[in-house]
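Hi,

Here is the structure I said I would pass on. Have a look at it first, and then read my notes underneath.

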Amino acid sequence: MANASATRTRPSRAARTNGQAQRHAAEARRKTDAKRRKQSGAAGWVASRAGRWSLDTQDLEFMDRQKYLWNPLMDYWFRMEVEGWENIPEPPVLLIGIHSGAPFVWDAWTVGVQWWRHFGAERPLHGTAHDALMALPLVGDYFRKMGVLPAAPDSITGALAEGRDVALWPGGERDSLRPWYKRDEAILAGRKGFIRLAIKSGVPIVPISTVGGPDAMPVLATGRRIAKALRLDQFAQLKMFPIALQVPWGVSPALLPELPLPTKIRTAFQEPIDLGHDPERAGDEDYVQAKYDEVQGAIQHGMNVLARRRRLPLFG
């Protein structure tokens, strides 16, 4: 692992696209701030707390100390396999994947920690998380020290404009809390904003395929009706209240902190997808749809390959 005091480098492609990315980041910040100011009540409180982000809150020394927790988890509990490092282009890149679980999405966190293992402080990665998680006391603080940003246009474009790599899971709760029987499906929930964001920022997309994560906390039901009855969308921007099999709670609400079951996680970085450098293409719906399908197809293809290596129906 690289020394945490190493100097961050700013590669050539970041310089070539910096002007375009900076303009897009400033526009995204204005629009996102205006949207947050319009929210009130509990939703406004969540948006306000989640909106307090900074690239400087990432603590590289703190991240390095996490190896004592994460290395044993990845090597022995999750028996993690990672491949495709040769597909990572020079920064900045937008990594797009699927994930599972809540509040700790183990197959997303392991990508971030493996990235740290591989690149160290010379190329730290910024993950992203739902506003409801970023707003939580203690949990949100831990996320910020680990470089996690709110999954919002202003934070993502701001990081890319500074030459940082960002990992995003567009499917959100619909992906992370999908039923266990859909565990090998690439669910991006039809959300194409990440395509437009990458086009306007002038960065390529690297799809991430992963399988095994849903076995750590099998989701039995999505609980959409419960979420609607409890008005969770208004209070916490959640449209699901899933029920899962968890340790130590048994069959319980999936939003409780849990101990992950000993699954095997397999992850692969796919070949990068170039979206060009013409920001006007973000307004071409056919082009955006085609690129969305290409990203989702790449993730699904990789998941199919990884799933065929599974030796056991569960945990294998």
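**What I found**

In helix H2 (residues 41-50), the buried residues are Ala-43, Gly-44, Val-46, Ala-47 and Ala-50. They span an arc of only 160 degrees around the axis, so they sit on the same side of H2. As a reminder, an α-helix has 3.6 residues a turn, so residues three or four places apart point the same way. Do keep in mind that this is a predicted model.

**Salt bridges**

The count comes to 12 salt bridges. Here are some that I looked at.

Glu-81 forms a salt bridge with Arg-266, with the closest N and O atoms 3.8 Å apart. That pair links distant parts of the chain: Glu-81 is in strand S1 (residues 81-83) and Arg-266 in strand S11 (residues 266-269), 185 residues apart. How accessible are the two partners? Glu-81 has a relative accessible area of 33%, so it counts as partly exposed, while Arg-266 is buried at 5%.

Strand S1 turns up again with Glu-83, whose side chain meets that of Arg-309 in a salt bridge (2.8 Å, N to O). Here too distant parts of the chain are linked, as Arg-309 is in the segment after helix H13 (285-307) and lies 226 residues from Glu-83. Arg-309 is partly exposed, with a relative accessible area of 35%, and Glu-83 is partly exposed as well, at 32%.

Then there is the salt bridge between the side chains of Asp-165 and Arg-123, at 2.5 Å from N to O. Asp-165 belongs to strand S6 (residues 165-168) and Arg-123 to the loop between helix H5 (106-119) and strand S3 (125-126), so this pair ties together parts that are 42 residues apart in sequence. Both Asp-165 and Arg-123 are buried. There is also a network: salt bridges with shared partners join Glu-81, Lys-264 and Arg-266.

**Two arginines in contact**

Which residues does Arg-310 touch, not counting those up to four places away in sequence? They are Arg-183, Asp-184, Val-211, Gly-212, Arg-266 and Gly-316. Arg-310 lies in the segment after H13, and its relative accessible area of 18% makes it buried, because the cut-off is under 20%. Its side chain makes a polar contact of 3.0 Å with the side chain of Asp-184. Between Arg-310 and Ile-265 the C-alpha to C-alpha distance is 9.9 Å, with 45 residues separating them in sequence.

Arg-183 sits in the loop between helix H9 (172-176) and helix H10 (193-201). Buried or exposed? Arg-183 is buried, with a relative accessible area of 12%. Its side chain is joined to that of Asp-215 by a polar contact of 3.0 Å. Neighbours within four places in sequence aside, Arg-183 is in contact with Arg-178, Pro-214, Asp-215, Met-303, Arg-310 and Pro-313.

**On the surface**

Finally, Leu-220, Leu-245 and Val-251 make up a nonpolar patch on the surface, with about 280 Å² of accessible area together. One of them, Leu-245, is in strand S9 (residues 243-246) and is partly exposed, with a relative accessible area of 38%.

Cheers

Notes: Residues are numbered from 1 along each chain as its sequence is written. This is a predicted model: local features need pLDDT of at least 70, side-chain atom pairs count only at pLDDT 80 or more; totals for chains, interfaces and linings use all residues. Side-chain values use heavy atoms; hydrogens and water are left out. Helices (H or I, at least four residues) and strands (E, at least two) are DSSP runs, numbered from the N terminus. Buried means under 20% relative accessible area, exposed over 50%, partly exposed in between (1.4 Å probe, protein chains only). A polar contact is a pair of N or O atoms within 3.5 Å; within protein, one must be able to donate a hydrogen and the other to accept it, and residues adjacent in sequence count only if both atoms are side-chain atoms. Contact means heavy atoms within 4.5 Å. Patches are made of residues with over 30% relative accessible area and no salt bridge: like charges are joined within 9 Å, nonpolar side chains (Val, Leu, Ile, Met, Phe, Trp, Tyr) within 5 Å. Accessible areas come from the Shrake-Rupley method with a 1.4 Å probe; for residues, only the protein chains shown count as cover. A salt bridge is a side-chain nitrogen of Lys or Arg within 4 Å of a carboxyl oxygen of Asp or Glu. The arc is that of the directions from the helix axis to the C-beta atoms.
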